[in-house]
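Subject: A structure for you to look at

Dear colleague,

I am passing on the structure we spoke about, with the sequence alongside. Please have it open while you read, since the notes below go through it part by part.

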Amino acid sequence: MHILVVEDEKRLAHLLRRVLQEESHTVNLAYDGPDGLELAESGTYDLVILDVMLPGYDGFEICRQMRADGVITPVLMLTARGAIEDRVMGLNVGADDYLPKPFAMEELLARINALLRRRDRNFEVTTMLQVGDLTLDLVRHEARREECVIELTAKEFALLEYLMRHPGQALTRTQITDSVWRYDLEALSNVVDIYIHYLRDKIDQGFSRPLIKTVRGIGYKIEAAPMRIEREGVQ
């Protein structure tokens, strides 16, 4: 999984990155509020670990802004504060869990796993995904666009499902590999780019508006382009 750690205490931030990498997570760091908010709102993360006391914006403001902008990434807040009112404030602005410092790494990892399991359970209740005029039936294992049935291999279907579960989010190749191929040996090559090409041939070729977009320097995303409405008499 791809995790963002926003923590101004660099020694702790580096320790968290090392521990999380040992658990096979991909980790990015931010050391202040503005950088943390910009990264958190990119939509590329499965989880944000967010310290409260930060330069620039505090963790409460970052979490509040994320939720106001529609970012639903789970947030685990860290703080040296132990007061009940601070914990309540963190949850009220949209945090999913709250862990006061100092904490044991075992408890941090347990809380991370619980948040990721909760997110996965929310994904599992969905039986139909839709982006624009493209639908994916997870029960019938069927993709359609403009009522045309699109034949997909099992891996193409898994890749498309992952993209459609994160509409509008820029997903890195590492995120896609970890979620779709996991530990398959074939994923050590440029398999993501190859399968994105396969998908584009099937779901974008021949249709007026492409859905799969390349995000330069990051990876790929799927989103429906807004329809352009031309008004009479307007130049």
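In what order do the four strands of the open sheet lie, and in which sense do they pair? Please keep in mind throughout that this is a predicted model. The order is E6-E7-E8-E9, and the pairing is antiparallel. The edges of this sheet are taken by strand E6 (128–131) and strand E9 (148–150), each of which pairs on one side only. On average, and with direction ignored, neighbouring strands here are turned by 25 degrees against each other. Within the sheet, strand E7 (residues 134–137) and strand E8 (residues 142–145) are joined in the antiparallel sense by four bridges, and Leu-136 is found opposite Ala-143 in E8. Helix H6 (residues 154–164) packs on this sheet, where it touches E6, E7 and E8, and its direction makes about 115 degrees with that of E7.

Further along the chain there is an open sheet of three strands, which has the order E10-E12-E11 and antiparallel pairing. Strand E10 (171–172) and strand E11 (212–215) stand at its edges with a single partner strand each, so one side of each is left without a neighbour in the sheet. E11 runs antiparallel to strand E12 (residues 219–222), to which four bridges join it, and Ile-212 stands opposite Ile-222 in E12. Helix H8 (residues 191–204) lies across E11 and E12, and it runs at about 145 degrees to E11.

The remaining notes concern helix H1 (residues 10–22), which has 13 residues. At 1.5 Å a residue the helix should span 18 Å, and this agrees with its end C-alpha atoms, which are 18 Å apart. Which residues of H1 are buried? They are Leu-12, Ala-13, Leu-16, Val-19 and Leu-20. When one looks down the axis of H1, these buried residues fall within an arc of 130 degrees, so they line one face of the helix. The spacing fits a general rule: an α-helix has 3.6 residues a turn, so residues three or four places apart point the same way. On the other side of H1, by contrast, Arg-11 and Glu-22 are exposed. Just after the helix H1, Ser-24 takes a positive phi of about 75 degrees.

With best wishes

Terms used: Residues are numbered from 1 along each chain as its sequence is written. This is a predicted model: local features need pLDDT of at least 70, side-chain atom pairs count only at pLDDT 80 or more; totals for chains, interfaces and linings use all residues. Side-chain values use heavy atoms; hydrogens and water are left out. Two strands pair if DSSP finds at least two bridges between them. Helices (H or I, at least four residues) and strands (E, at least two) are DSSP runs, numbered from the N terminus. Contact means heavy atoms within 4.5 Å. Axes are lines fitted to C-alpha atoms, for helices over the stretch in contact, and angles run from 0 to 180 degrees between N-to-C directions. The expected span of a helix is 1.5 Å times one less than its number of residues. Buried means under 20% relative accessible area, exposed over 50%, partly exposed in between (1.4 Å probe, protein chains only). The arc is that of the directions from the helix axis to the C-beta atoms.
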